[in-house]
Amino acid sequence: MRKVKVLDTTLRDGEQSAGVNLNESEKKEIAKQLVRLGVDAIEAGFPIASPGDFQAVKKIADEVKGATIVGFARATKTDIDSVYEAIKHAEDARIHMFIATSPIHMQYKLRKSPDEVLETAVEMVKYAKRYFQNVQFSAEDAGRSELEFLARFTKAIIDAGVTIVNIPDTVGYMMPNEYGAMFKYLKEKVPNSDRVWFSAHCHDDLGLAVANTLAAIENGADQIEGTINGIGERAGNAALEEVATALYTRKDYFNATTNMQLEQIARSSKLVSKLTGMIVPGNKAIVGANAFAHESGIHQDGILKERLTYEIIRPEVVGFPSNKLVLGKHSGRHAFRERLVALGFTLTDEQVNVAFQKFKELTMKKKEIIDDDLMMIIDEQQLKESKKEEEYQLDYLHIAGDTAVSTAMVRVKLPNGEYKEEAARGDGLIDAVYNAIDRVSELTIHLKDYQIKSVGYGRDAVGSVHIKVEYQGELFSGRGMSTNIVEASAKAYIDAMNRAIHKKGRLDYLNVAQREIG
Ligand SMILES: CC(=O)SCCNC(=O)CCNC(=O)[C@H](O)C(C)(C)COP(=O)(O)OP(=O)(O)OC[C@H]1O[C@@H](n2cnc3c(N)ncnc32)[C@H](O)[C@@H]1OP(=O)(O)O
Ligand SMILES: CC(C)C(=O)C(=O)O
């Protein structure tokens with residue numbers, strides 16, 4: 001069976017989703033899970049984008065082993081230099097460069113002729129080859145590029161030394177037959193095509209990212225690219241869990257497989273959803289809450305008689321456990337640690353002790369502790385550990401209200417280490433809390449989206465709040481968890497505020513860089 005390589009770009013293209021800002025430790029956590037999932041390459045980020053992006057890519061390259069670490073770059077020397085600095089200590093490093101090849105992008109965005117684009121690409125590939133043996137190059141907007149030019153371009157960059165040629169459908173414009181035919185054409189017409197891998201990278205603007213990726217595989221793609229839960233720019237990228245599960249379920253048709261460990265899919269999906277705040281729709285294939293739920297009588301009857309009647313994938317195959325209840329208030333440290341290991345966490349003894357304490361506290365509030373609760377405990381702990389001293393932190397919260405008026409008093413630790421208390425009224429408890437926090441921070445923040453869901457089930461379930469706020473024209477996400485949903489809401493708001501002020505640091509950096517260049 002043919003093995004197709006997988007490049008995961010959750011941390012680069014996935015993070016390009018509007019309102020998603022992952023911090024360094026969240027990115028590292030996702031990268032570690034991607035290794036468990038068995039992807040071959042992790043696109044860790046775009047180092048030139050900001051000092052924060054650079055540091056996160058560097059940390060992943062330095063610390064995450066078991067997959068090729070990929071750094072993203074435009075076809076410029078400064079971008080290439082910064083990728084080199086960020087990933088030079090990776091176990092296995094690859095640069096991924098790109099330049100657009102479609103008439104519309106070349107003319108309006110790059111303001112270059114096709115020959116100038118080709119020359120730039122060749123020159124920059126040669127420059128990158130000084131640092132990297134493994135150079136991937138993307139012909140951005142290949143889907144709307146002229147085939148003859150694309151073939152000429154591909155031949156030239158292969159001659160210059162690229163090892164992987166990516167053919168992205170950047171704007172999700174292509175139909176599966178067309179996209180597949182493009183791979184066939186390039187593999188047949190480009191004389192040196194046998195020296196490289198061809199890679200597929202699809203966007204979901206017309207809902208065809210997974211179909212197009214599968215069409216590329218049918219037509220000889222050696223590598224596919226995508227993200228967990230299909231997150232990404234605009235409508236997102238191809239959902240890797242869907243592609244891998246389609247190959248597994250229809251191996252009779254594709255005769256192709258990947259190194260992905262399907263049983264890690266559920267955990268990967270939950271982690272990415274939690275850290276990015278991009279909630280997975282219930283009806284999403286493979287990982288949606290309803291993906292294996294049978295509602296109607298005739299289906300339930302069929303399932304009871306024979307699962308195969310309505311179930312083409314067993315939930316266990318993609319990591320949804322059938323045992324819901326795992327631990328209770330009488331459980332000890334051994335069982336607790338074993339369950340965390342089974343969930344894929346590697347924690348120090350000290351971290352296990354802190355988490356165990358939290359677990360015991362939770363058993364006082366909740367009768368049943370399930371895997372989702374454990375993941376929430378570890379997630380909260382990691383969030384706390386990643387908090388920098390110079391961030392806002394909720395210290396105390398008091399709320400009161402009836403149907404007519406709500407008031408809140410908050411005490412917040414400021415980035416300078418001092419504490420500030422404010423009280424405010426609001427249209428409901430959460431509005432009152434947010435007004436009080438605004439008074440503390442004196443920042444002008446607008447709430448754009450608020451979502452709450454329960455972690456687990458029952459009246460004592462933990463509330464998980466995800467919000468999006470607008471600050472200085474940009475969207476930022478925030479999350480918070482607690483058995484008290486008002487407290488969870490306050491934590492989410494403060495988390496978004498912290499992400500916003502960090503990004504503000506990035507803008508300051510860019511302005512300074514531009515002033516220095518100018
Ligand atoms: C298809 C994709 O997903 S591509 C990846 C998109 N991802 C991102 O853009 C996220 C990170 N981006 C950023 O942080 C910023 O855009 C930066 C730091 C990279 C650049 O910021 P700025 O210097 O302010 O430039 P800005 O983003 O406004 O414009 C992009 C510039 O890069 C040029 N450019 C675009 N693609 C390429 C390329 N592949 N190679 C060389 N130059 C390119 C554009 O023509 C434009 O140049 P110009 O300033 O001479 O007109
Ligand atoms: C692979 C790169 C250039 C990309 O993200 C795209 O084209 O969508």
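**Calling residues buried, exposed, near or core**

Reader: Why does aspartate 13 count as buried?
Author: Aspartate 13 has 23 C-beta neighbours inside 10 Å. Buried takes 20 or more. The count of 23 meets that cut-off, so aspartate 13 is called buried. The model is a predicted one.

Reader: Where is aspartate 13 found, and what does aspartate 13 touch?
Author: Aspartate 13 sits in the loop between β2 (5-8) and α1 (24-37). Leaving out residues up to four places away in sequence, aspartate 13 touches Thr227, Gly232, Glu233 and Asn237. A contact needs C-beta atoms within 7 Å.

Reader: Which residues does the UniProt annotation "binding site" cover?
Author: The unreviewed UniProt entry gives Asp13, His201, His203 and Asn237.

Reader: How do you know that they cluster in space?
Author: Set sequence against distance. These residues are spread over 225 residues of sequence. Yet the largest C-alpha distance is 10.3 Å.

Reader: What makes histidine 203 buried?
Author: Histidine 203 has 26 other C-beta atoms within 10 Å. The cut-off is 20 or more, so histidine 203 is buried. Histidine 203 is in the loop between β8 (197-202) and α8 (209-218). Not counting residues up to four places away in sequence, the contacts of histidine 203 include Asp169, Thr170, Gly232, Glu233 and Asn237.

Reader: Which residues are around ligand 2?
Author: The shell is Asp13, Phe98, Ser138, Glu140, Asn166, Pro168, Thr170, His201 and His203. Each has its C-beta atom within 6 Å of the ligand. β6 (135-140) and β7 (164-169) each supply at least two of the residues. By class, the shell around ligand 2 has two nonpolar, five polar and two charged residues.

Reader: What is the shell around ligand 1 made of?
Author: Seven nonpolar, three polar and five charged residues. Of the 15 residues, Ala49, Arg74, Ala75, Phe98 and Ile99 come nearest. The elements giving two or more residues to this shell are β5 (93-100) and α4 (103-110).

Reader: Is isoleucine 95, in strand β5, buried or exposed, and how do you know?
Author: Buried. Isoleucine 95 has 26 other C-beta atoms within 10 Å, against a cut-off of 20 or more. Among the residues that isoleucine 95 touches, beyond four places away in sequence, are Gly71, Ala73, Val83, Phe132 and Val135. The C-alpha atoms of isoleucine 95 and phenylalanine 476 are 28 Å apart, with their positions 381 residues apart along the chain.

Reader: And glutamate 350: buried or exposed?
Author: Glutamate 350 is exposed. Glutamate 350 has 8 other C-beta atoms within 10 Å, and exposed means 12 or fewer. Glutamate 350 lies in helix α14 (residues 349-365). From glutamate 350 to arginine 411, 61 residues apart along the chain, the C-alpha separation is 29 Å.

Reader: Why is α8 described as largely enclosed by the rest of the structure?
Author: Nine of the 10 residues of α8 are buried, so the description follows. Among them are Ala209, Val210, Asn212, Leu214 and Ile217. Just after α8, glycine 220 takes a positive phi of about 100°.

Reader: What makes helix α9 (residues 240-249) mostly covered?
Author: Eight of the 10 residues of α9 are buried. They are Leu240, Glu241, Glu242, Val243, Ala244, Thr245, Ala246 and Leu247. The cover includes β2, α8, β9 (223-226), α10 (251-254), β10 (256-257) and α11 (265-276).

Reader: Which residues touch the most other members of the largest nonpolar core?
Author: Ile42, Ala44, Ile69, Met97, Ala121 and Val243, out of 98 residues in that core. The largest share, seven residues, comes from α8. Valine 243 touches Val210, Thr213, Leu214, Ile224, Gly226 and Ala238, not counting residues up to four places away in sequence. A second, separate core of 40 residues includes Leu327, Ile378, Tyr392 and Val440. In soluble globular proteins, nonpolar side chains tend to be buried together.

Reader: How is the protein chain divided?
Author: Into domain 1 (2-276), domain 2 (292-319), domain 3 (325-386) and domain 4 (393-508). The centres of domain 2 and domain 4 are 41 Å apart, taken over C-alpha atoms. Separately, the unreviewed UniProt entry annotates residues 4-266 as "domain: Pyruvate carboxyltransferase". That span is 44% helix and 18% strand, and its end C-alpha atoms lie 21 Å apart.

Terms used. Residues numbered from 1 in each chain as written. Chains lettered and ligands numbered in written order. Predicted model: local features only at pLDDT ≥ 70, side-chain atom pairs only at ≥ 80, totals over all residues. Helix = DSSP H or I, 4+ residues; strand = E, 2+ residues; numbered from the N terminus. Nonpolar A, V, L, I, M, F, W, Y, C, P; charged D, E, K, R; others polar. UniProt positions renumbered as here; feature names shortened; annotations may be inferred. Contact = placed C-beta atoms within 7 Å. Domains from an automatic or database assignment. Core = buried A, V, L, I, M, F, W, Y, C linked by C-beta atoms within 7 Å.
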